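Colleague: Please pick one strand of this model and take me through it closely, together with the loop that leads into it. I would also like to know which cut-offs lie behind the words you use.

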Amino acid sequence: MTHFPEFEVIPAVDVQDGEVVQLVGGERGTGKRYGDPVDAAERWTDAGARTLHLVDLDGAFEGERVNAAAIEAVVEYVPEEVGLQLGGGIRTAEGARDLLDLGLDRVILGTAAVETPEIVAAIDETHPGSVVVSLDAKDGEVVVSGWTEGTGLDPAEAAARYEELGAGAILFTNVDVEGQLAGINRTAVESMVEAVEIPVIASGGVASIDDVVALKAAGAAAVVVGTALYEGEFTLREAQNAADEV
């Protein structure tokens, strides 16, 4: 299982065309750019990040890893004690194992886990606890392929199924509020936490330190924050300190 000994605030480093971007509502082309991924990784590790959340956005949309060079530069730069998780375009067990052997701690599977659930068990066999299944919800159903296709799956039911297959954690993103600084959906996170024993990492819509604290109270093991940190709504240290006090 993927363990988070304490609640973590995890900065997102989403990469498109080799640069850090943050999308709004999961819509391609809405991204605001924030520069070089290695610079972002340096900024967040210097600020005390215990884990970094890397996403190959082009990979998520194209179905293959597009920003491999930029991601590998981050992996090489980041100190060993900082955890790294990567999602976007990972479609095979072999590809996931290669990344884990490269130095990543966790791989995030979304579309691949929905289309071929057995891939989760296959990776877990060789790299136990390293698979994070990403369940992205829009209007209460799981969506895939860069948030463009509905699946009819209920997020909490899907999470329980992946736990049985060996997922080490669930990354739960509420796409309805992604990148909009609009606040979180606490109820959706609570139902997800109740459905599984493994850690739930919450993502999407975090606009304030109150949102971070609310997600911890909802039972999340960690929260991924992107836009709010890049836009300076609060600092990583402020958010982590506030969560630690709850």
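Modeller: A residue is called buried under 20% relative accessible area, exposed over 50%, and partly exposed in between (1.4 Å probe, protein chains only). By that rule, 56% of the 246 residues in the protein chain are buried. This is a predicted model, in which local features need pLDDT of at least 70 and side-chain atom pairs need 80 or more, while totals for chains, interfaces and linings use all residues. Numbering runs from 1 along each chain as its sequence is written, and side-chain values use heavy atoms, without hydrogens or water.

The chain has eleven helices and twelve strands, taken from DSSP runs and numbered from the N terminus (helices H or I, at least four residues; strands E, at least two). Of the contacts (heavy atoms within 4.5 Å) between residues at least 6 apart in sequence, 67% join residues at least 24 apart.

The strand I have picked is β4, which covers residues 51-56. The loop before β4 starts after α1 (37-46), and G48 is found in that loop. G48 counts as partly exposed because its relative accessible area is 41%. Once neighbours within four places in sequence are set aside, the contacts of G48 are L236 and R237. In sequence, G48 and R237 are 189 residues apart, yet their C-alpha atoms are 6.9 Å apart in space.

On the strand itself, T51 belongs to β4. With a relative accessibility of 2%, T51 is therefore classed as buried. The side chain of T51 makes a polar contact with the side chain of E8, at 2.6 Å. (A polar contact is a pair of N or O atoms within 3.5 Å; within protein one must be able to donate a hydrogen and the other to accept it, and residues adjacent in sequence count only if both atoms are side-chain atoms.) Beyond the neighbours within four places in sequence, T51 is in contact with E8, I10 and P11, with the run V82, G83, L84 and Q85, and with R106.

H53 is also found in β4. Its relative accessible area is 5%, so H53 is buried. The side chain of H53 makes a polar contact with the side chain of Q85, at 3.0 Å. Not counting residues up to four places away in sequence, H53 touches I10, P11, A12, V13 and D14, along with Q85, I108, L171 and V224. I10, P11 and Q85 are thus among the contacts of T51 and of H53.

Strand β1 covers residues 8-16, and the partners of H53 from I10 to D14 fall in that range. Just past β1, in the loop that leads to β2 (19-24), is D17. The phi angle of D17 is near 50 degrees, a positive value in a residue other than glycine. D17 counts as exposed because its relative accessibility is 56%.

Another aspartate can be set beside D17. D139 is found in the loop between β7 (131-138) and β8 (141-144). Phi of D139 is again positive, near 50 degrees, in a residue other than glycine. At 70% relative accessibility, D139 is likewise classed as exposed.

To sum up the strand you asked about: in β4, T51 is buried and pairs through its side chain with E8, while H53 is buried and pairs through its side chain with Q85. In the loop before β4, G48 is partly exposed and has L236 and R237 as contacts.
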